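This report goes through one protein model from its hydrophobic cores outward to its sheets, helices and confidence values.

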Amino acid sequence: MSADTDPTEAIPQVTAAMIAKAAARRPAPSDVPPAEPGRESTPDRTRSAQRAAQRETVPEQPAAPDAELPVRSGRSSFTSSEPYGDGHTAAGHIAAAHLSSLVQIPTVSAEDPDDVDHEAFARHRAALATFYPRVHALQSEPVGEHGLLFRWPGKGREDVLHPFPVVLMAHQDVAPVQSADWATNPFSGEIRDGVVHGRGTLDDKGSLVAVLDAVETLLGDGFVPERDVWLFFGADQESDGQSAERAVRRLYELGVRPWLVLDGGGGVVTDAVPGVDRQVAMVGVAEKGLVGVNLYTTDVGGHAATPGRQTATGRLARAAARVSRYRFAARVGAPTVTMLERVSPGAKGFRGLLLRTATRLASGPLRTVAARMIARGGPEASATVRTTVAVTELEGSVGPTVAASSARARLDVRVALGDTVERTVARLRRVVRDKQVEIEVVASSEPSEVSPSDGQQFALLGEAVGAAYPDALVVPYVQLTSSDARTFTPISDHVYRFSPFVLTAEQRQSVHGAGERLSVDSLGRGVHFYREVLRKIPG
């Protein structure tokens, strides 16, 4: 596909010219700004400059129009869901075998392209082509180094793009592992006691498999969606997310404005909302902003036997301790208020009483009190209403007897809705209170736009959740982590984040940690969920 393709023309298979054109957009080494005078360019600084030079902003686009849905008794009516049964359980076992094989291929993401195992990604793509031949017979093109973009034509002319399609997303790459923290091989893909084990089962190869199994089986049934469906599978979500940016640029060039975008994200939980003992499907309607910050400081260094009064590592440790202890102000955003209003009526016991009290306060003048009440509910609840800071990396001396001449700490900052990157960084400067500690923003993105939780798209997702999890209450929430979905907000007003799997607190903690795993039953229900989404897409 060329960049100037008319949206009304057929989409040919990708050509060498298109690949060459994409490569030509990459910045030359001369595009990278030089390092600051007096300081060598560090890998982080160079990579940050390269990423900034490569990014092209896609203008905000008009929203896709509402679909014409059949109406009965004053409300939208969708195709009846088929009850979850033995056939879906069998599909879960097939999907689990696919997931097991894919987990065994270590598609680990890396900030430095030189550290990426490109051969592993090639094997991963080959495995996908083997497992999903019908999907791979669709029109397709690569996006970035290893990303994949497929178009499944809807009803109508196959050679004419539907201007308002549906986009389903997942990513192929996984976070790095600390093997010593795992009881077994993190890339074993072992299926034991009805559970698939290994890095990527939850983030995000489980969703990848569920989407692909759903599409592959529907293609086998001869099903044709009401409108075009695009499948995007990025390969660098855990690092810089450039493949998602290129996918958005591609869709923008083709003139399509997605009616619905669905990426992995929240899940089905029973232990995340105090006082609520039923299943709650948490659908992300927005996500927090992200700031990567480096704290730098320097000293004369030398022999550790003769340290100065304030060494580089000591000064850095003091700064890191200050930001770790600091708590940003708690605030309740509109999505959180809606979530509280939907879950609190069924909350039980004393904790349920507190939840209903917080709900009443959240929409009034005492919303700050409500935010503080919510923040006391644990790390996840606190992160829902606050900007958070975590010290993730520390660098100092090159040896045990060498006083460091420089030291660095990396901060992972998640910016709450209603706050901004600029205000957050300014606050960090005041918290550090040390002019000899340099604060450098390596990468940043503002909190995302908020997608509606009262429209047709959210209702469609709710119907699909009901098919896979009949007892689940579907609520909006603000996703605490970043996703490729945020990249799609300029071209769609309905961008959601949901992984259709039951997730315990321990499983949620295992994402980017140790012991990541996904049950076969959840995987089968996930396939069913995506089949229902695809079947219920309106024309």
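## Cores and packing

In this predicted model, Leu 168 is in contact with Val 211, Val 229, Trp 230, Leu 231, Phe 232, Leu 262, Tyr 530 and Leu 534, leaving aside neighbours within four places in sequence. Leu 168 is also one of the residues with the most contacts inside the largest nonpolar core, which has 62 residues. The others named for that core are Val 135, Leu 231, Leu 461, Phe 529 and Leu 534. Helix α6 (residues 205–220) supplies the largest share of this core, 9 residues. A separate core of 25 residues lies apart from it, and among its members are Leu 340, Ala 347, Ala 371 and Val 385. In soluble globular proteins, nonpolar side chains tend to be buried together.

For the protein chain as a whole, buried residues make up 52% of the 539 residues. The chain holds 16 helices and 19 strands. Of its contacts with a separation of 6 or more, 80% are between residues 24 or more positions apart.

## Strand β9 and its partners

Strand β9 (residues 260–269) is mostly covered, with 9 of its 10 residues buried. Its pairings with three strands are listed below.

| Strand joined to β9 | Bridges | Direction | Opposed residues |
|---|---|---|---|
| β5 (166–171) | 3 bridges | parallel | Val 166 and Leu 260 |
| β18 (residues 495–502) | 5 bridges | parallel | Val 261 and Val 495 |
| β10 (residues 280–287) | 2 bridges | antiparallel | Val 269 and Val 280 |

## Trp 182

The loop between β5 (166–171) and β6 (191–192) contains Trp 182. Is Trp 182 buried or exposed? Its relative accessible area is 9%, and buried means under 20%, so Trp 182 counts as buried. Beyond its neighbours within four places in sequence, Trp 182 is in contact with Val 177, Gly 198, Arg 199, Gly 513, Ala 514, Gly 515 and Glu 516. Glu 516 is 334 residues from Trp 182 along the chain, yet their C-alpha atoms are separated by 9.2 Å.

## The four-stranded open sheet

Another part of the model is an open sheet of 4 strands in the order β13-β15-β11-β16, with antiparallel pairing. Its edge strands, β13 (388–395) and β16 (438–445), each pair on one side only. On average, neighbouring strands of the sheet are turned by 20° against each other, direction ignored. Within the sheet, 10 bridges join β11 (residues 289–298) to β15 (residues 406–415). One bridge in this pair is between Thr 297 and Ala 407, the latter in β15. Helix α13 (residues 421–432) packs on the sheet and touches β11, β13, β15 and β16. The direction of α13 makes about 155° with that of β16.

## Two helices

Do the lengths of the helices match their residue counts, and which residues do they bury? Helix α10 covers residues 349–362, and at 1.5 Å a residue its 14 residues should span 20 Å. The end C-alpha atoms of α10 are 20 Å apart, which agrees. Gly 352, Leu 355, Ala 358, Thr 359, Leu 361 and Ala 362 are buried in α10. The cover over the buried residues of α10 includes α9 (334–343) and α11 (367–375).

Helix α7 (residues 242–254) passes the corresponding check: its 13 residues should span 18 Å at 1.5 Å a residue, and its end C-alpha atoms are 18 Å apart. The buried residues of α7 are Gln 242, Ser 243, Ala 244, Ala 247, Val 248, Arg 249, Arg 250, Leu 251 and Leu 254. Two arginines, Arg 249 and Arg 250, are therefore on that list under the cut-off of 20% relative accessible area. After α7 comes Gly 255, whose phi is positive, near 80°.

## Confidence

The mean pLDDT of the protein chain is 86, and 86% of its residues reach 70 or more. Over residues 1–50, however, the pLDDT is below 50; this stretch has 69 contacts in the model beyond near neighbours in sequence. Residues 70–80 also stay under 50 in pLDDT, and the model gives them 14 contacts beyond four places in sequence.

Methods:
Residues numbered from 1 in each chain as written. Heavy atoms only, no water. Expected span 1.5 Å × (residues − 1). Buried < 20%, exposed > 50% of the residue type's maximum accessible area, 1.4 Å probe, protein only. Contact = heavy atoms within 4.5 Å. pLDDT = per-residue confidence, 0-100. Pairing = 2+ DSSP bridges. Axes fitted to C-alpha atoms, helices over the stretch in contact; angles between N-to-C directions. Core = buried A, V, L, I, M, F, W, Y, C linked by side-chain atoms within 4.5 Å.
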